[in-house]
Structures are given as C-alpha cells and as structure tokens.
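Welcome, and take a moment to turn the model around before reading on. The paragraphs below walk through it step by step.

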Amino acid sequence: MKFNDFSDDSEDSEHTPAQRAAAASRSTWVSVGVNLVLSTIQIVVGVLAKSQGLIADGIHSLSDLVADFVVLFANHHAQKDADEGHPYGHHRFETAASLVLGLLLLGVGVGMVWSAVVKLENPEAIAQVHVIALWVAGAALVGKELLFRYMLAVAKRVKSSMLVANAWHARSDAASSLVVGIGIAGNLAGYPILDPIAALIVGFMVAKMGWEFGWDALHDLMDRSVDEQEVQAIRQTLLETPGVSGVHDVRTRKMGDMIVVDAHLEVNAALSVEAGHDIAVQARQRVLQRHRVLNLMTHVDPWRKPDLDHAAPPMRGGGAA
C-alpha cells in the first residue's frame with residue numbers, strides 16, 4: 001500500500017484547509033493520549049516483569065508521542081498563508097514532518113536491533129518474564145490496532161499523507177505488540193531467548209518502516225509528480241472546459257498534500273488574446289474547484305499550429321553535405 005495513496009477519489013472539494021487541520025489536530029491528540037498511557041504501562045511493567053520485548057515495545061510507543069508532537073507542530077505551520085518568501089504557502093511542512101517521522105522510526109528501530117543483539121550475545125543472562133507482561137502486550141495490541149484504524153479513516157477522509165504516515169506508525173506498533181506477545185509467550189513456555197528475538201524483529205520492522213517513510217518524503221521534497229491516474233483526471237477536467245481543443249505538457253509536483261500544475265492549453269488560433277485568456281482562466285478555476293490543486297499555471301497555444309515552445313527534433317542521417 002502507498003502511504004499517501006488517495007487514488008480512489010482524486011477530488012478534494014469537500015474539506016477546506018482549516019477542516020483538514022482540525023481533523024489532524026483531533027486525531028493526533030487522541031494518539032497522544034493513547035500512547036502516553038500505553039508507553040508508561042509497557043515500560044514500567046516491562047522493567048518489573050524483566051521483558052526486553054515489552055520494554056522495546058514501550059519505547060516504540062514513546063517514540064509515537066514524539067511523532068505526534070511533530071505532526072501537531074507541522075500541522076500548525078503548514079496552514080500559514082503564503083508570503084513573499086513562500087508564494088505557494090507552507091504546505092511542505094507536512095512533507096518535512098513525514099521525513100522527520102521516518103528518521104525517528106529508523107533511529108528507534110536501529111536502537112532496538114542493537115539492544116537485542118547485545119542481549120542475544122549473552123543468552124545466559126536472559127531472565128524469565130512474568131505472565132503479566134503477556135497481558136499487557138495483548139492489551140497494547142488491541143489498543144494500537146484500534147488507534148490505527150481510527151487515524152487511517154480520518155487521514156483518508158481529509159486526504160492527508162502526513163496523517164497516513166502517523167496512522168501507519170500506530171499500525172507498526174500494533175504489529176510489534178503482536179511479535180512481542182509471541183516472544184513473551186515463548187519465554188513463559190521455557191524458551192527465554194524468544195523475548196530478545198522478539199525485540200530484534202520489532203527493531204527490524206520499525207527501521208524498515210522508517211526507511212520507507214523517509215524515502216517517500218524525500219522524493220516529495222524533490223518535486224515528485226502525483227500518480228498518473230490523478231494527472232489524467234486533471235487533464236480530463238481541462239479538456240472538458242469550453243474552448244479548450246487540446247491539452248499537452250501537463251506537469252505536476254507535490255506541495256505537501258496539495259498539487260502545483262503546469263499545462264499547455266490548445267485553443268482556436270483565430271481567437272483574440274482576451275478570449276484565449278478567458279478560456280485559460282475558466283480552465284484554471286475548474287481545476288482548483290475539482291481537484292486538490294494549489295495552483296495551475298497555464299500557457300495558451302494555437303490549436304493545430306506548430307508549437308514553437310519545443311525545439312524541432314534533430315534530423316536523422318545528418319542531412320546533405
């Protein structure tokens with residue numbers, strides 16, 4: 001699954017930026033409350049029950065708290081109006097937040113792996129855990145899975161890739177709690193080494209997800225285009241505009257969860273400059289209303305006339321001497 005895949009609905013005219021910000025704030029504060037309770041219980045019980053896996057899972061939940069505050073910070077700054085230094089606004093604060101989340105997960109995962117490897121190098125020192133650790137791991141699994149489903153539903157409703165990333169962060173916690181529960185059960189069954197092995201697996205899972213989040217956000221910061229399905233939807237809206245006879249050179253780049261678009265519109269060559277301008281204005285308004293497009297820059301070309309914006313293709317064969 002793509003973490004920011006909203007291809008099931010390419011239009012986003014139902015939610016204003018303020019509504020998206022409010023939804024992000026509500027869901028993130030819910031996550032803060034859940035992770036604060038879970039991380040405290042997991043770490044305390046993990047220490048008392050001598051379960052490295054549960055402690056690792058608690059640290060993972062604690063990292064969620066930091067991630068939640070990163071999301072709240074970015075959500076606040078992303079809503080700032082455009083200014084002279086940022087003519088397209090501050091929407092990439094969200095992308096930067098997704099990158100920070102990825103780096104955070106990667107760091108936490110590497111730390112978990114290192115700690116588990118150190119423990120596995122000295123298996124004789126691995127203690128048997130208390131049964132209460134298994135009950136806590138089970139409760140954490142249920143709580144995190146419910147949190148994931150709630151946050152993902154909100155993220156898809158308002159189409160926020162940053163919230164999708166944070167929701168999958170919660171899902172990674174649910175998966176890690178499942179692995180930790182299995183490790184604790186194995187420890188209780190007489191195989192103590194399964195507890196640090198569970199912590200090792202959790203570390204790999206967290207590090208992998210962190211890498212994916214960070215890599216995805218890094219590409220967005222490098223002006224990655226949106227998926228082809230959404231580009232075609234924008235192209236179709238332009239073609240359906242009265243007076244537009246053709247569309248070419250449609251280019252997109254992500255600006256947070258919004259899109260900046262450039263497009264060449266082909267209109268009747270006999271029209272006046274004013275008439276061509278009016279068609280371009282109408283096309284722009286239609287796209288802004290129907291899609292999650294922040295800005296559309298149009299260029300008007302004469303229909304079925306040579307496009308002088310492009311260099312002629314080189315002649316083959318080198319031509320006559």
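Is Trp211 buried or exposed? Keep in mind that what you are looking at is a predicted model. Trp211 has a relative accessible area of 51%, and the cut-off for exposed is over 50%, so Trp211 counts as exposed. Trp215 has a relative accessibility of 44% and is therefore classed as partly exposed.

These two tryptophans are worth viewing together. Both sit in helix H6, which covers residues 194-221, and they are four residues apart, about one turn of the helix. The structure holds one aromatic pair. It is formed by Trp211 and Trp215: their ring centres are 5.6 Å apart and their planes meet at 10°, so the pair is stacked. The reasoning rests on a simple cut-off, since planes under 30 degrees apart count as stacked.

Now step back to the whole chain. Eight helices and three strands make up its secondary structure. If you start at the N terminus and follow the elements, you will meet them in the order α-α-α-α-α-α-α-β-β-α-β. Of the 321 residues in the chain, 47% are buried. Among contacts with a separation of 6 or more, 76% are made by residues 24 or more positions apart. As for the outside, the chain has an accessible surface of about 16100 Å², and carbon and sulfur atoms account for 64% of that surface.

Next, find the strands. How are the three strands ordered in the sheet? They form an open sheet that runs E1-E2-E3, with mixed pairing. Strand E1 (246-255) and strand E3 (293-302) stand at the edges; each has a single partner strand, so one side of each is left without a neighbour in the sheet. On average, neighbouring strands here are turned by 15° against each other, direction ignored.

Look more closely at strand E2, residues 258-267, and its partner E3. The two pair in the parallel sense, over nine bridges. Within this part of the sheet you can pick out His264, which stands opposite His299 in E3. To finish the tour, look for the helix that packs on the sheet: this is H7, made of residues 228-239. Helix H7 touches E1, E2 and E3, and its direction makes about 135° with that of E1.

Definitions and conventions:
Residues are numbered from 1 along each chain as its sequence is written. This is a predicted model: local features need pLDDT of at least 70, side-chain atom pairs count only at pLDDT 80 or more; totals for chains, interfaces and linings use all residues. Side-chain values use heavy atoms; hydrogens and water are left out. Two strands pair if DSSP finds at least two bridges between them. Axes are lines fitted to C-alpha atoms, for helices over the stretch in contact, and angles run from 0 to 180 degrees between N-to-C directions. Contact means heavy atoms within 4.5 Å. Buried means under 20% relative accessible area, exposed over 50%, partly exposed in between (1.4 Å probe, protein chains only). Accessible areas come from the Shrake-Rupley method with a 1.4 Å probe; for residues, only the protein chains shown count as cover. Rings of Phe, Tyr and Trp (its six-membered ring) pair if their centres lie within 6.5 Å; planes under 30 degrees apart count as stacked, over 60 as edge-to-face and the rest as tilted.
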